[in-house]
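Here's a protein model to explore together. Take a look at the structure first, and then we'll walk through a few of its parts.

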Amino acid sequence: MKQLIKKRATKQVQLFLLSLLLMMAGVSCQNGTSEKGKVSSQKGNRYDAQIRKLMSKMTLEEKIGQLNMLSGDGAVTGPITNTNVVKEIKEGHVGAMLNCYTASYTRKLMEIAIDSTRLHIPLLFGYDVIHGERTIFPIPLGESCSWDLKLMEKTARIAAIEASAEGVQWTFAPMVDIARDPRWGRVMEGAGEDPWYGSLVAKAKVRGFQGNDLSNDSTILACVKHGVAYGAPIAGRDYNTVDMSMRTLLGVYMPPYHAAVEAGVATAMSAFNDLNGTPCTANSWIWNTMFRKEWGFKGFVVSDYTSINELIPHGVAKNLFDADVLAFNAGVDMDMVGNGYIKNLKKAVEEGLVSEKEIDSSVYRILKAKFELGLFDNPYKYCNEEREKNDTLTPQHLAVAREDARESMVLLKNSDHLLPFSKKIKSIAIIGPLGNDKSDMIGSWSAAGDRNTEPVSLLEGIKNKLGNKVRILYAKGTDIDSHSTEGFAQAVSVAKEADVVLLALGEGDYMTGEASSRANIDLPGNQRELADAVIKANKRTAVVLMNGRPLTISHLNEVAPAILEAWFSGTEAGNAIADVVFGDYNPSGKLTMTFPRCVGQIPIFYSHMNTGRPYSPTNHYTTHYLDCPNTPLYPFGYGLSYTKFQYDSLKVDKKVMTTKDTLRVSVVLKNVGNYDGTEVAQLYIRDMVGSVTRPVKELRGFKRVFLKKGESKKLVFKLTNQDLSFYRKDMTFGSEPGSFEVFVGGNSATQYKTNFVLK
Ligand code: NOJ
């Protein structure tokens with residue numbers, strides 16, 4: 001078998017293995033060996049001649065100016081108050097700006113760059129358009145639970161249309177960090193725990209933002225972030241160290257970045273964290289070896305916010321000068337807000353620590369992006385007041401936001417079919433700290449969305465749905481993070497008075513996102529006590545959760561008859577929740593991140609190894625906790641529907657496949673319940689024996705299928721050698737012959753399986 005594996009290792013793989021060894025030994029590819037030096041590598045580019053002509057006129061200082069990004073004052077329509085920024089732009093010291101939007105504000109800054117600089121090079125405006133610009137969609141973790149890749153591409157498309165109308169040509173998205181630790185606040189920004197699924201979402205998002213043609217007025221540059229493995233900080237604390245095996249890094253954490261590169265992502269962002277001893281912003285292996293050499297990434301790399309300066313506290317640079325040399329030679333082209341490149345790179349070139357040729361390569365990449373966007377033809381094409389008025393927050397965009405929000409919601413529990421509520425009820429009570437909230441339910445990173453006025457609250461959504469035919473009562477009960485029980489009595493009283501109750505619980509939006517890790521991921525404050533009191537007062541209580549991460553809600557799961565996970569679902573949140581609660585939409589979302597029973601289980605994910613002592617209830621000396629089961633509260637892929645689906649007749653079209661074959665796995669899915677509905681049917685594989693240990697399950701297929709009640713459909717999934725491949729014992733990527741199990745079902749706990757052999 002070893003022989004076979006060796007045969008499959010290509011020359012490229014050998015080079016890659018060498019680079020791995022170098023990385024492990026802490027050696028970076030610099031001067032001479034770096035891909036950065038190859039200015040000529042982009043000769044085929046259609047703007048090549050123009051870029052070279054422009055660069056031939058640029059002084060070294062002007063070139064370095066292109067590598068510098070400053071932050072705007074965030075003013076929407078007001079004057080530009082940061083006079084330093086104005087001065088720096090005039091002096092040709094700025095290539096890009098962040099935190100600037102609106103057509104008029106970006107136009108003012110652009111005018112300074114065009115009118116006052118020697119070479120009239122346009123600025124690039126970048127912004128965190130994470131889940132929408134004006135129309136805000138569900139947070140990415142929520143949206144990923146829709147498993148609707150087309151819709152995810154569409155929402156990125158709309159975000160790009162709106163952002164580009166407000167002067168923004170570059171979004172710092174998608175965030176593709178695999179997240180298996182819900183204590184980490186940034187799990188809300190990505191697509192959850194699975195690398196295979198995360199890669200598909202990464203591609204859909206890049207396609208949505210960038211479209212086919214960057215010169216189109218409504219497409220923008222995407223930025224894959226945070227390179228790399230930012231999602232695995234020790235203990236879930238943001239910015240903390242990441243320490244992981246090369247196999248996990250390559251097999252689990254890197255694939256979504258690679259997928260984004262394959263989709264043609266224009267830019268990438270280096271992460272804050274250190275990784276196996278080297279901060280990502282000083283890590284040549286990530287940028288020069290993997291992104292550029294291995295994956296053929298042709299775009300430019302921007303640091304994260306002052307992440308170059310942070311090489312000093314990381315303890316790998318004595319001062320900012322050294323930090324700049326390290327970061328630049330590691331392949332980071334643009335300095336976000338750190339003000340270091342602009343100060344130090346000229347001297348670094350003079351001292352021979354950085355080569356001018358490499359500076360040229362970086363400048364080339366940045367100018368190429370500006371040419372591709374069409375900024376040299378018309379620098380003001382994205383500052384279009386007319387479009388800003390007509391193309392943002394449109395009824396069409398809001399309709400998509402509502403559809404997206406509905407599809408994102410996951411029904412976690414529904415005893416005795418409590419949901420959907422009948423519209424014929426006489427009264428309903430909306431209770432809870434998020435019952436009449438706007439600003440939290442939109443979620444962190446809400447870009448240009450007006451969080452205080454634009455989101456539809458749950459109370460408003462219910463009113464919109466029921467009009468004045470039904471009596472609607474409301475009580476807040478408690479604040480999101482309060483321990484006061486002052487409002488409990490009123491909450492209990494309205495709960496008793498109403499036919500049914502919607503209890504809106506969850507987190508504040510500030511509790512997830514950057515720098516928002518939590519050591520305890522229960523419902524904050526005294527919401528659990530409020531839930532106990534309200535449910536005791538009215539058994540017909542359905543909980544609506546609004547939050548940005550999996551929470552530990554074992555107790556709630558015991559006491560609440562129904563729980564709908566609504567996430568922070570954006571501008572149309574209230575309307576979308578009302579659609580689901582009253583049955584105008586049958587929930588179809590499935591979790592993309594495991595819900596633990598308690599924090600002690602974290603990190604918890606479905607795709608774990610079997611271990612040498614898999615848990616057995618009859619053998620104490622097997623892997624387990626004394627005080628908590630191993631299993632999650634809700635597994636990856638889990639989500640209920642108002643109807644019921646049944647899987648039957650699972651078959652493979654051949655029992656033995658070769659590496660050249662495509663295996664067809666078929667199953668019959670039937671809607672056996674009482675409602676029409678959509679099921680996300682999932683396929684998992686297990687490689688039974690490998691040269692290294694293999695996960696108990698790995699997602700390799702899914703289908704989102706709508707079935708009328710009583711209807712059934714044969715689903716056919718395809719598996720190829722690529723799906724069975726992994727980083728083997730010798731770190732080459734490929735499959736190994738042997739037995740596989742293949743599982744199909746409605747979530748990752750499915751045991752409905754068959755098997756086949758790879759020859
Ligand atoms: C820091 C965050 O880590 C990153 O995701 C974001 O894009 C930048 N700040 C810019 O706001």
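Buried area is the accessible area, found with a 1.4 Å probe, that two parts lose on being put together, summed over both. Keep that in mind for the domains below, and remember that this is a predicted model.

**The domains**

An automatic or database assignment supplies the domain bounds, and the protein chain splits up like this:

| Domain | Residues |
|---|---|
| Domain 1 | 46-387 |
| Domain 2 | 401-601 |
| Domain 3 | 645-758 |

Let's look at how domain 1 meets domain 3. Their centres, taken over C-alpha atoms, are 37 Å apart. Twelve residues of domain 1 and 13 residues of domain 3 make up the contact. Between them, the two domains bury about 1,100 Å², and 70% of that is on carbon and sulfur atoms. Which residues of domain 1 lose the most area to domain 3? They're Trp-147, Trp-196 and Arg-247, and together they account for 66% of what the domain 1 side buries.

There's some polar chemistry here too. The rule finds one salt bridge across the interface of domain 1 and domain 3. The side chains of Asp-148 and Arg-704 form a salt bridge, with 3.8 Å from N to O. Three residue pairs are in polar contact across the interface of these two domains. On the domain 1 side, helix 9 (195-210) and helix 10 (246-253) each supply at least two of the residues that touch domain 3. Helix 10 gives the most, with four residues.

**An open sheet**

Next up is a sheet of five strands. It's open, its pairing is parallel, and the strands come in the order 4-3-2-1-10. Which strands sit at the edges? Those are strand 4 (170-171) and strand 10 (335-336), each of which pairs on one side only. Strand 4 pairs with strand 3 (residues 124-127) in the parallel sense, over two bridges. Zoom in on Gly-126 and you'll find that its bridge partner in strand 4 is Trp-170.

**Helix 12**

Why is helix 12 (residues 284-294) largely enclosed by the rest of the structure? Ten of its eleven residues are buried, so the rest of the structure largely encloses this helix. Among the buried ones are Trp-285, Ile-286, Trp-287, Met-290 and Phe-291, along with Arg-292 and Glu-294. Now check the ends. Asn-283 caps the N-terminal end of helix 12, with a side-chain oxygen 3.1 Å from the backbone nitrogen of Trp-285. Just after the helix, Gly-296 takes a positive phi of about 75 degrees.

Key. Residues numbered from 1 in each chain as written. Predicted model: local features only at pLDDT ≥ 70, side-chain atom pairs only at ≥ 80, totals over all residues. Heavy atoms only, no water. Buried < 20%, exposed > 50% of the residue type's maximum accessible area, 1.4 Å probe, protein only. Polar contact = N/O pair within 3.5 Å; in protein donor to acceptor, adjacent residues only side chain to side chain. Pairing = 2+ DSSP bridges. Contact = heavy atoms within 4.5 Å. Salt bridge = Lys/Arg side-chain N within 4 Å of Asp/Glu carboxyl O.
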